[in-house]
Amino acid sequence: MKITIACVGKAGRAKHDAAQSLIEGYSARLPWPVTIREVEDKKQGGTPAERKSREAALLLAALPKGAVIVAMDERGKSLSSRQFADQLAQWRDHGEQEVAFLIGGADGLDPALAAKARLTLSLSAMTWPHLLARVMLLEQLYRAWSLQTGHPYHRD
């Protein structure tokens, strides 16, 4: 199964960017093909709703055609690591070829974009910087792979 993470903002801008190092580390460990598509609203300014709308258009353009869309939002559904692994396996077993995770910018995802998602998933009820959300998602994807394959990384 192919994985796309479409996200607002660029990682790796700071020298010795710890988040970028973790993103690269988990991406390298994960046997599933992962594409990270970063988008950036160059217009900036406007109301939060206007920014989210512009970011939504950029994120939509970054999505692979036909992918299962998962919106990442702190108000979304909470899953255990095992439930997340099972959800991914269920999509794979039903013939889905690609899953795309959307991570919004500082104001979150546009509601119209979130409405297109098959699942709205929360990594936590807390709000996290979008770079850390990428790291947390990649770690959970690696953990899901380990659960599906019987790798000893995950321990109940």
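Which polar atom lies 2.9 Å from the backbone nitrogen of M126? In this model, which is a predicted one, the partner is a polar atom in the side chain of S124. S124 itself sits in the loop that runs between β5, residues 119–122, and α5, and with a relative accessible area of 19% it counts as buried, although I would add that the cut-off for that word is under 20%.

Let me follow the chain from that loop into helix α5, which covers residues 130–149. By the rule of 1.5 Å a residue, its 20 residues should span 28 Å, and since the C-alpha atoms at its ends are 29 Å apart, the expected and the modelled values agree. The helix is mostly covered, with 14 of its 20 residues buried. Just after α5 comes G150, whose phi is positive, at about 80°.

Now to the aromatic side chains, where the count comes to three pairs. One of these joins Y142 and Y153, with 4.7 Å from centre to centre and 75° between the planes; planes over 60 degrees apart count as edge-to-face, so this pair is given that name. Because Y142 belongs to helix α5 and Y153 to the segment after α5, the pair ties together parts that stand 11 residues apart in sequence. As for their surroundings, Y142 is buried, at 6% relative accessibility, whereas Y153 is partly exposed, with a relative accessible area of 24%.

The picture around Y142 does not end with that pair, for ring pairs link Y142, W145 and Y153 into a cluster. There is also a charged neighbour to consider: R29 lies over the face of Y142, at 4.6 Å from the ring centre.

Let me finish with the largest pocket, which holds about 360 Å³ of space. Which residues lie nearest its centre? They are M72, D73, E74, T127 and W128, out of a lining of 21 residues. If we ask instead which elements contribute, then β3, residues 68–78, together with β5 and α5, each supply at least two residues of that lining, and the largest share, four residues, comes from β3. Helix α5 thus appears in both parts of this talk, as a contributor to the lining of the largest pocket and as the element that holds Y142.

Terms used
Residues are numbered from 1 along each chain as its sequence is written. This is a predicted model: local features need pLDDT of at least 70, side-chain atom pairs count only at pLDDT 80 or more; totals for chains, interfaces and linings use all residues. Side-chain values use heavy atoms; hydrogens and water are left out. Rings of Phe, Tyr and Trp (its six-membered ring) pair if their centres lie within 6.5 Å; planes under 30 degrees apart count as stacked, over 60 as edge-to-face and the rest as tilted. Buried means under 20% relative accessible area, exposed over 50%, partly exposed in between (1.4 Å probe, protein chains only). A charge sits over a ring if NZ of Lys or CZ of Arg is within 6 Å of the ring centre and within 35 degrees of the ring normal. The expected span of a helix is 1.5 Å times one less than its number of residues. A polar contact is a pair of N or O atoms within 3.5 Å; within protein, one must be able to donate a hydrogen and the other to accept it, and residues adjacent in sequence count only if both atoms are side-chain atoms. On a 1 Å grid over the protein atoms alone, a cavity is a set of points where a 1.4 Å probe fits but cannot get out, and a pocket is an open set with protein on both sides within 12 Å along at least five of seven lines; lining residues have an atom within 4 Å of a point. Grid points are joined across faces, edges and corners, and a volume is the space filled by probe spheres set on the points.
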